[in-house]
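I opened this entry to look at how the protein meets the DNA, and how the chains meet each other. My notes follow in the order I looked things up.

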Number of protein chains: 2
Amino acid sequence: MNMKLKNEDELRVQIFKALADETRLEIVRMLKDSKKELSCGEIGDRVDMSKSTVSYHFKTLREAGLTTTRKDARTKYVQLRKETFDHYLPGFLDSL
Amino acid sequence: MNMKLKNEDELRVQIFKALADETRLEIVRMLKDSKKELSCGEIGDRVDMSKSTVSYHFKTLREAGLTTTRKDARTKYVQLRKETFDHYLPGFLDSL
DNA sequence: TTTTTAGTTTCATATTCATGGAACTATCGT
DNA sequence: ACGATAGTTCCATGAATATGAAACTAAAAA
């Protein structure tokens, strides 16, 4: 896999890129408001976009460390990763 | 000029885009660390990029509301705009 | 007045990003 | 076993972004 090791600023850039999109911001807000984890499907339903696009947005958020995923059979549940927000964007979620 | 009126999330997206770049992050850090305002030239010197590119980065930050500019004759001085950070990214500057 | 200095704007270009369709994987229900 | 369901991956494409060169504007210095 050869994952490139990122320094703090590269991580910050990746995080900001992940948040620099209205759809993904909407997803983050849904996850924040819901508190309980949501399935990709539930989120996708409220977002009027193709499956593949929605999947791509999930991947972007996950790879930036902003979410975690739990798989239960067919369904994938997504949750916010608080530590990342607290470390790189303290106070942001509350302001959202 | 016909400036399009932006809602909060559009502003957030614009802010995140502005911060989603290593050079601009570096500029923000310089401004934060320096405390006193810096000229475009002083900043440009430490950033090894063409004048036009640096100018473009300043514009991106300014249009996102992250900096303000004061012009003194030939020289332009740039400063962080704290209100914007406090409102959209509280705690971020301290974490930088 | 001519030249240098500080910064912007315009243009071309290469790269990255967002999007949907189609094919794929894995699991569930029948 | 077979069809439906939940998601991912691959591919093509149009839009947005970062970059530098060159031409430009305005003010300082000579």
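**Surface near DNA strand C**

I sorted the residues of the surface near DNA strand C by character and got four nonpolar, nine polar and seven charged. I keep in mind that this is a predicted model.

Next I asked which residues come nearest to the strand. Among the 20 residues around DNA strand C, the nearest are A:R24, A:Y56 and A:H57, together with B:K51 and B:S55.

Then I looked up the elements behind this surface. From chain A, α4 (51-63) supplies at least two residues. From chain B, α3 (40-45), α4 (51-63) and β3 (75-80) each do so as well. Which element gives the largest share? I found that α4(A) does, with four residues.

**Backbone or bases**

I turned to the DNA side. What share of the strand C atoms within 4 Å of the protein belongs to sugar or phosphate? The figure is 63%, and the rest belong to bases.

I then went through single contacts to the phosphates and sugars. The side chain of A:H57 places an N or O atom 2.6 Å from a phosphate oxygen of DNA strand C. A:H57 is also one of the residues that come nearest to the strand. For A:K17, the distance from a side-chain N or O atom to a phosphate oxygen of the strand is 3.2 Å. On chain B, I noted R74: a polar side-chain atom of B:R74 sits 2.9 Å from a sugar or linking oxygen of DNA strand C.

**Chain A against chain B**

I moved on to the protein-protein interface. Here 20 residues of chain A contact 20 residues of chain B. The two chains bury about 1700 Å² between them. Of that area, 63% lies on carbon and sulfur atoms.

How many salt bridges link chain A and chain B? I count two. I looked up the one between A:R29 and B:D9, where the side chains meet at 2.8 Å, N to O. For polar contacts across the interface, the rule finds four residue pairs, both residues at pLDDT 80 or more.

Last, I checked what builds the side of chain A that touches chain B. α1 (8-19), α2 (22-34), α5 (82-88) and α6 (92-95) of chain A each supply at least two residues. The largest share, seven residues, comes from α1(A). By character, this side of chain A divides into ten nonpolar, three polar and seven charged residues.

Notes:
Residues are numbered from 1 along each chain as its sequence is written. Chains are lettered from A and ligands numbered from 1 in the order in which they are written. This is a predicted model: local features need pLDDT of at least 70, side-chain atom pairs count only at pLDDT 80 or more; totals for chains, interfaces and linings use all residues. Side-chain values use heavy atoms; hydrogens and water are left out. A residue is near a molecule or strand if one of its heavy atoms lies within 4 Å of it. A polar contact is a pair of N or O atoms within 3.5 Å; within protein, one must be able to donate a hydrogen and the other to accept it, and residues adjacent in sequence count only if both atoms are side-chain atoms. Ala, Val, Leu, Ile, Met, Phe, Trp, Tyr, Cys and Pro count as nonpolar, Asp, Glu, Lys and Arg as charged, and the others, Gly among them, as polar. Contact means heavy atoms within 4.5 Å. Buried area is the accessible area (1.4 Å probe) that two parts lose on being put together, summed over both. A salt bridge is a side-chain nitrogen of Lys or Arg within 4 Å of a carboxyl oxygen of Asp or Glu.
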